[in-house]
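Thank you for asking for a few notes to read alongside this structure. The points below are meant for someone meeting the chain for the first time, and they can be followed one at a time.

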Amino acid sequence: MWQRIQTIYLALAIIACVVCLCLPIAKIVPEDLANSSEVFNLWTIGPDGTKAFPVCNIIGFVVLLFTCTMGTYSIFLFKNRKLQATICMLCIVMLVVWAALFCVSAFSGLIDNGGDMKPAFAAGMPIVAMILFFLARKAILKDEALVRSMDRIR
């Protein structure tokens, strides 16, 4: 199971999603540059230390958690390559949904008092995960084609 390259790609994609879940994804810096807020996937920590739970953050957290779960599940589907490839595509779509939610939250009501939202390192991890899920799907489909060609030879 672990000797297949797609399993390594899937594991790295899951790690990238978990990093995005755990680390702050943005920092909100007001125009007066006084106190900044940190944005996580589940909550936003204000300058005074209070936690707010915006709906976009909660939905983004659920989407990333679902992606991590499905990615982990797909590692153990090494005998069912078609379903594994489908789950990889589902994870890619879910990460695109997360990116759309991040953009919506960045350009809409998340910044109440004006200012600037600066993405953090963890905000780029879903893009890395998308690339890794794509590479895993490509390797899975390549394995499937190899198995099909061996079936024709017999």
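**Notes on the nonpolar residues**

1. A starting point is I5, which has its place in helix 1. The model is a predicted one, and in it I5 has a relative accessibility of 45%, so that this residue counts as partly exposed. Together with I8, L12 and I15, I5 makes a nonpolar surface patch of about 340 Å².

2. Turning from the surface to the interior, the largest nonpolar core holds 39 residues, and among these I25 and F133 are the ones that touch the most other members. Two or more residues are given to this core by each of helix 1 (5-22), strand 1 (26-29), helix 2 (55-75), helix 3 and helix 4 (125-153). Of the contributions to this core, that of helix 3 is the greatest, at 11 residues. As general background, nonpolar side chains in soluble globular proteins tend to be buried together.

3. Which residues does F133 contact, once its neighbours within four places in sequence are left aside? On that basis F133 is in contact with L10 and A13, with T67 and G71, and also with C88, C91, I92 and L95.

4. The aromatic rings deserve a separate remark, since the count of aromatic pairs comes to one under the rule that ring centres must lie within 6.5 Å. The pair is formed by W98 and F102, whose rings are stacked, with 5.4 Å from centre to centre and 10° between the planes. Both residues belong to helix 3 (residues 81-107), and because they are four residues apart there, about one helical turn separates them. W98 counts as buried, with a relative accessibility of 3%, and F102 is likewise buried, with a relative accessible area of 14%.

5. A last residue to look at is F40, which is found in the loop between strand 2 (37-39) and strand 3 (44-45). Is F40 buried or exposed? Its relative accessibility is 14%, which falls under the 20% limit, and F40 therefore counts as buried. Leaving aside neighbours within four places in sequence, F40 is in contact with C22, L23, P24 and I25, and in addition with I45 and N57. One of these contacts, I25, was named above as one of the two core residues that touch the most other members. For a sense of distance across the model, F40 and L132 are 92 residues apart along the chain, and their C-alpha atoms are separated by 23 Å.

Key
Residues are numbered from 1 along each chain as its sequence is written. This is a predicted model: local features need pLDDT of at least 70, side-chain atom pairs count only at pLDDT 80 or more; totals for chains, interfaces and linings use all residues. Side-chain values use heavy atoms; hydrogens and water are left out. Rings of Phe, Tyr and Trp (its six-membered ring) pair if their centres lie within 6.5 Å; planes under 30 degrees apart count as stacked, over 60 as edge-to-face and the rest as tilted. Buried means under 20% relative accessible area, exposed over 50%, partly exposed in between (1.4 Å probe, protein chains only). A nonpolar core is a set of buried Ala, Val, Leu, Ile, Met, Phe, Trp, Tyr and Cys residues joined through side-chain atoms within 4.5 Å. Contact means heavy atoms within 4.5 Å. Patches are made of residues with over 30% relative accessible area and no salt bridge: like charges are joined within 9 Å, nonpolar side chains (Val, Leu, Ile, Met, Phe, Trp, Tyr) within 5 Å. Accessible areas come from the Shrake-Rupley method with a 1.4 Å probe; for residues, only the protein chains shown count as cover. A salt bridge is a side-chain nitrogen of Lys or Arg within 4 Å of a carboxyl oxygen of Asp or Glu.
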